[in-house]
Amino acid sequence: MAYTIEKGKKLIPADSGCFQYVGRIDFDDPKRPVMIWPGSYIDVNFTGTSAAVILKNINFQDVTHFAVIVDGVMKKIMLPTTRQDELYIAAEGLEDKPHTLRILKTLAAHNYLEFVGIAVDESAEVSNPCHKYDMKLEVYGDSVSAGEVTEALYYEGQCDPENHRNTLDNSHFSYALSLARKLNAEVHDIAQGGIALLDGTGYFCSDQLTGMVSCFDKLEYSPYAERKQWDLSRWTADAVIIAIGQNDANPEPERIKSPEYRRMWKNEYIKLLHTLMEKYPDAKFVLILTILGHDPTWDDALDEIVDEVNSDRVSHFRFRRTGKGTNGHPRATEQEEMAGELYGYFKSTLGF
């Protein structure tokens with residue numbers, strides 16, 4: 001243990017019942033739940049003048065971080081590579097009154113976060129918010145869905161800044177989490193930068209390219225660590241967004257135009273879709289690609305999939321600027337644009 005609780009403070013452990021957990025989180029050890037996928041978060045209410053978070057950063061890259069949101073104000077905290085329990089100040093010098101705290105996993109497979117608990121004033125009252133969500137939303141996607149490079153302000157419509165090294169990533173600003181906030185939805189953001197549908201394609205894990213077909217049903221999913229299966233029956237989505245197809249052109253961009261490859265790719269996509277439709281028998285499924293630049297052939301392939309599946313539960317949504325909005329990752333403003341268009345579609349067409 002590399003941290004100490006100051007005199008006048010107390011530890012509220014992860015299994016105290018005071019925390020509301022949202023996301024596909026590993027509870028095999030309830031005293032040390034692990035946040036894995038981007039956009040996973042932990043909410044808690046507390047009184048008093050300060051709060052600190054205790055967790056272990058299990059890093060797979062050197063530059064990693066997480067965020068705390070206290071009374072609606074976000075602070076991003078860079079993490080060490082010690083892989084030890086550490087204490088991080090969320091807020092101090094607060095007015096002694098009720099406060100809210102959210103602990104947010106900002107990144108995808110760059111790291112896992114093993115949560116120990118929070119430290120608050122000795123006299124503080126701590127409680128579970130028990131927020132009631134209106135629906136359950138699941139998103140399968142790539143770096144855009146994970147919120148990568150969203151904090152590159154004033155880079156709208158431009159390529160990403162050089163050497164940002166993940167420092168500008170933040171799942172909070174992804175369209176996935178923004179849409180969830182608009183819909184008051186409990187969200188599972190199953191998103192990973194560089195991922196494509198099939199193994200051997202895309203960019204996720206450059207030395208062993210790993211696709212969504214090998215990750216969609218995983219809890220811990222990084223090939224660089226222990227992998228754990230997720231039981232899809234544990235959490236039943238009401239709506240599912242599948243945002244896959246952006247990275248699938250790598251390593252052979254023209255292959256989707258080959259009838260044989262196109263047929264195989266669509267078959268694998270439909271297989272994944274049917275698996276999820278079976279697990280979530282009442283859910284609506286929305287297939288998308290984002291405003292990040294890409295060959296429209298992939299959008300056409302999604303149209304074909306919808307036609308072939310032929311179900312009123314499955315549709316293809318195109319943004320106003322699908323494939324032509326930006327050559328860089330969508331920034332927070334551009335993600336909000338996508339979330340707003342999706343919100344309109346969910347309310348007016350899907351009936352949520």
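Tutor: Contact here means heavy atoms within 4.5 Å, and the model we are discussing is a predicted one.

Student: With that in mind, what covers the buried residues of helix 4?

Tutor: In helix 4, the buried residues are Thr297, Trp298, Asp299, Ala301, Leu302, Ile305, Val306 and Val309. An α-helix has 3.6 residues a turn, so residues three or four places apart point the same way. The elements that cover these buried residues include helix 3 (259-279), strand 16 and strand 17.

Student: How far apart are the end C-alpha atoms of helix 4?

Tutor: Helix 4 has 13 residues, and at 1.5 Å a residue they should span 18 Å. The span found in the model agrees with that expectation, because the end C-alpha atoms of helix 4 are apart by 19 Å.

Student: What is the strand order of the open sheet of five strands?

Tutor: Strands of a sheet pair through backbone hydrogen bonds, either parallel or antiparallel. In this open sheet the pairing is parallel, and the edge strands, each of which pairs on one side only, are strand 14 (185-191) and strand 17 (314-316). Neighbouring strands are turned against each other by 15° on average, direction ignored. Read across the sheet, the five strands have the order 14-13-15-16-17.

Student: Which residue of strand 14 does Val139 stand opposite?

Tutor: Strand 13 (residues 135-141) pairs with strand 15 (residues 239-243) in the parallel sense over five bridges, and there Val139 stands opposite Ile241. Strand 13 is also joined to strand 14 by seven bridges, again with the two strands running parallel. In strand 14, the residue opposite Val139 is Asp189.

Student: Is strand 14 largely enclosed or open, and how many of its residues are buried?

Tutor: In a regular strand the side chains alternate between the two faces of the sheet. Here Ala185, Val187, Asp189 and Ala191 point one way from strand 14, whereas Glu186, His188 and Ile190 point the other way, and all are buried. Strand 14 is therefore largely enclosed by the rest of the structure, the number of its seven residues that are buried being seven.

Student: At about what angle does helix 5 run to strand 15?

Tutor: Two helices can be placed against this sheet. Helix 4 (residues 297-309) packs on it, touching strand 16 (284-287) and strand 17, and its direction makes about 160° with that of strand 17. Helix 5 (residues 332-348) lies across strand 13, strand 15, strand 16 and strand 17, and its angle to strand 15 is about 140°.

Student: Is Ser178 buried or exposed?

Tutor: Ser178 is found in helix 2 (residues 175-183). Not counting residues up to four places away in sequence, Ser178 touches His172, Glu336 and Ala339. Because its relative accessibility is 4%, and the cut-off is under 20%, Ser178 counts as buried.

Student: Which element gives the most residues to the largest nonpolar core?

Tutor: The largest nonpolar core has 47 residues, of which Tyr140 and Trp265 touch the most other members. The elements that give two or more residues to this core are strand 15, helix 3, strand 16 and helix 4. With eight residues, the element that gives the most is helix 3.

Student: Where does Cys205 lie, and is this residue buried or exposed?

Tutor: Most residues other than glycine have a negative phi, and most peptide bonds are trans. Cys205 has a positive phi, near 65°, and its place is in the loop between strand 14 and strand 15. Because its relative accessibility is 6%, Cys205 counts as buried.

Student: Which residues does a cis peptide bond join?

Tutor: The proline of this bond lies in the loop between strand 15 and helix 3. With an omega of about 15°, the cis peptide bond joins Asn250 and Pro251.

Student: How far from Cys18 is the nearest cysteine sulfur?

Tutor: Cys18 is buried, with a relative accessible area of 14%. A disulfide requires two cysteine sulfur atoms within 2.5 Å, and by this rule the count comes to zero disulfides. Cys18 is accordingly in no disulfide, and the nearest cysteine sulfur, which belongs to Cys130, lies at a distance of 9.7 Å.

Definitions and conventions. Residues are numbered from 1 along each chain as its sequence is written. This is a predicted model: local features need pLDDT of at least 70, side-chain atom pairs count only at pLDDT 80 or more; totals for chains, interfaces and linings use all residues. Side-chain values use heavy atoms; hydrogens and water are left out. Two strands pair if DSSP finds at least two bridges between them. Helices (H or I, at least four residues) and strands (E, at least two) are DSSP runs, numbered from the N terminus. Axes are lines fitted to C-alpha atoms, for helices over the stretch in contact, and angles run from 0 to 180 degrees between N-to-C directions. The expected span of a helix is 1.5 Å times one less than its number of residues. Buried means under 20% relative accessible area, exposed over 50%, partly exposed in between (1.4 Å probe, protein chains only). A nonpolar core is a set of buried Ala, Val, Leu, Ile, Met, Phe, Trp, Tyr and Cys residues joined through side-chain atoms within 4.5 Å.
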